[in-house]
Amino acid sequence: MQTVALLQDKSKAKRPPPLDAGALAGAGLRGFFGIAEKWGLAERDCIVLLGEPSRATYYNWKKGDVGKVGRDTIDRLSYIVGIYKALQILIPDESIADGWIRNPNDAPLFAGQAPLALMLSGQLVDLFRVRAFLDAQRGGWG
């Protein structure tokens with residue numbers, strides 16, 4: 001009987017308020033456009049990395065008018081920010097870290113191509129794969 005009372009008390013515990021998806025998307029997009037500038041990405045590259053939004057949506061996002069952002073885009077933003085962060089941790093020289101995505105890489109995942117080529121396949125899973133590769137390099141999950 002006492003166990004049931006304990007379980008009931010936990011169910012009444014205050015939960016944190018739900019995250020504001022719009023605010024998260026806005027922050028993620030601001031971060032993305034900053035990263036895109038550091039990486040020297042072309043507009044087309046940005047559009048592909050963001051999951052092929054319409055040009056109007058892309059320009060709205062770029063000027064800060066976020067509106068509704070889908071789960072796929074949120075996931076893409078998360079992977080890209082994670083890739084950027086992992087590079088900053090692994091490579092202490094910011095300019096070298098930012099250039100890493102453009103340099104040919106002999107790791108089996110990249111088969112001699114630049115990581116950006118894989119990232120620009122348009123597939124969410126390829127962003128995940130690059131992120132996982134970098135996390136494994138720094139001793140994280142892989």
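# Report on an all-helical predicted model

Read from start to end, the protein follows the pattern α-α-α-α-α-α-α-α. It has eight helices and zero strands, where helices (H or I, at least four residues) and strands (E, at least two) are DSSP runs numbered from the N terminus. This is a predicted model, in which local features need pLDDT of at least 70, side-chain atom pairs count only at pLDDT 80 or more, and totals for chains, interfaces and linings use all residues. Residues are numbered from 1 along each chain as its sequence is written, and side-chain values use heavy atoms, with hydrogens and water left out.

## Overall figures

The protein has 142 residues, of which 37% count as buried. Buried means under 20% relative accessible area, exposed means over 50%, and partly exposed lies in between (1.4 Å probe, protein chains only). The accessible surface comes to about 8700 Å², and carbon and sulfur atoms account for 55% of that surface; such areas come from the Shrake-Rupley method with a 1.4 Å probe, and for residues only the protein chains shown count as cover. Among contacts (heavy atoms within 4.5 Å) between residues at least 6 apart in sequence, 53% join residues at least 24 apart.

## Salt bridges

A search of the whole structure finds eight salt bridges, a salt bridge being a side-chain nitrogen of Lys or Arg within 4 Å of a carboxyl oxygen of Asp or Glu. Three of them are set out below.

| Pair | N to O distance | Location |
|---|---|---|
| Glu94 and Lys38 | 2.8 Å | helix α6 and helix α2 |
| Arg71 and Asp75 | 3.0 Å | helix α5 |
| Arg131 and Asp135 | 3.2 Å | helix α8 |

Glu94 lies in helix α6 (residues 94-99) and Lys38 in helix α2 (residues 21-39), so their salt bridge ties together parts that are 56 residues apart in sequence. Both ends are partly exposed: Glu94 has a relative accessibility of 37%, and Lys38 has a relative accessible area of 42%.

The salt bridge between Arg71 and Asp75 stays inside one helix. These two residues are four apart in helix α5 (residues 71-90), a separation of about one helical turn. Arg71 counts as exposed, at 63% relative accessibility.

Arg131 and Asp135 are likewise four residues apart, about one turn, in helix α8 (residues 124-137). Here Arg131 and Asp135 are both buried. Salt bridges that share partners join Arg131, Asp135 and Arg138 into one network.

## Helix α8

Helix α8 has 14 residues and reaches 20 Å from its first C-alpha to its last, close to the 20 Å expected at 1.5 Å a residue. The expected span is 1.5 Å times one less than the number of residues. The buried residues of α8 are Asp126, Leu127, Val130, Arg131, Ala132, Phe133, Leu134 and Asp135. Their cover includes α3 (43-49), α5 and α7 (115-119). After α8 comes Gly139, whose phi is positive, near 90°.

## Aromatic pairs

The structure holds eight aromatic pairs. Rings of Phe, Tyr and Trp (its six-membered ring) pair if their centres lie within 6.5 Å; planes under 30 degrees apart count as stacked, over 60 as edge-to-face and the rest as tilted.

Phe33 and Tyr58 form an edge-to-face pair, at 5.7 Å centre to centre and with 65° between the planes. The pair links distant parts of the chain, with Phe33 in helix α2 and Tyr58 in helix α4 (residues 55-62), 25 residues apart. Phe33 is buried, with a relative accessible area of 14%, and Tyr58 is buried at 1% relative accessibility.

The rings of Trp100 and Phe110 have centres 5.8 Å apart and planes at 80°, so this pair is edge-to-face. Trp100 and Phe110 are ten residues apart, and each lies in the loop between α6 and α7. Trp100 counts as buried at 14% relative accessibility, as does Phe110 at 3%.

Ring pairs also link Phe32, Phe33, Tyr58 and Tyr59 into a cluster.

## A buried residue of helix α5

Thr73 is placed in helix α5. Its relative accessible area is 9%, so Thr73 is buried. Leaving aside residues up to four places away in sequence, Thr73 touches Leu50 and Trp61.
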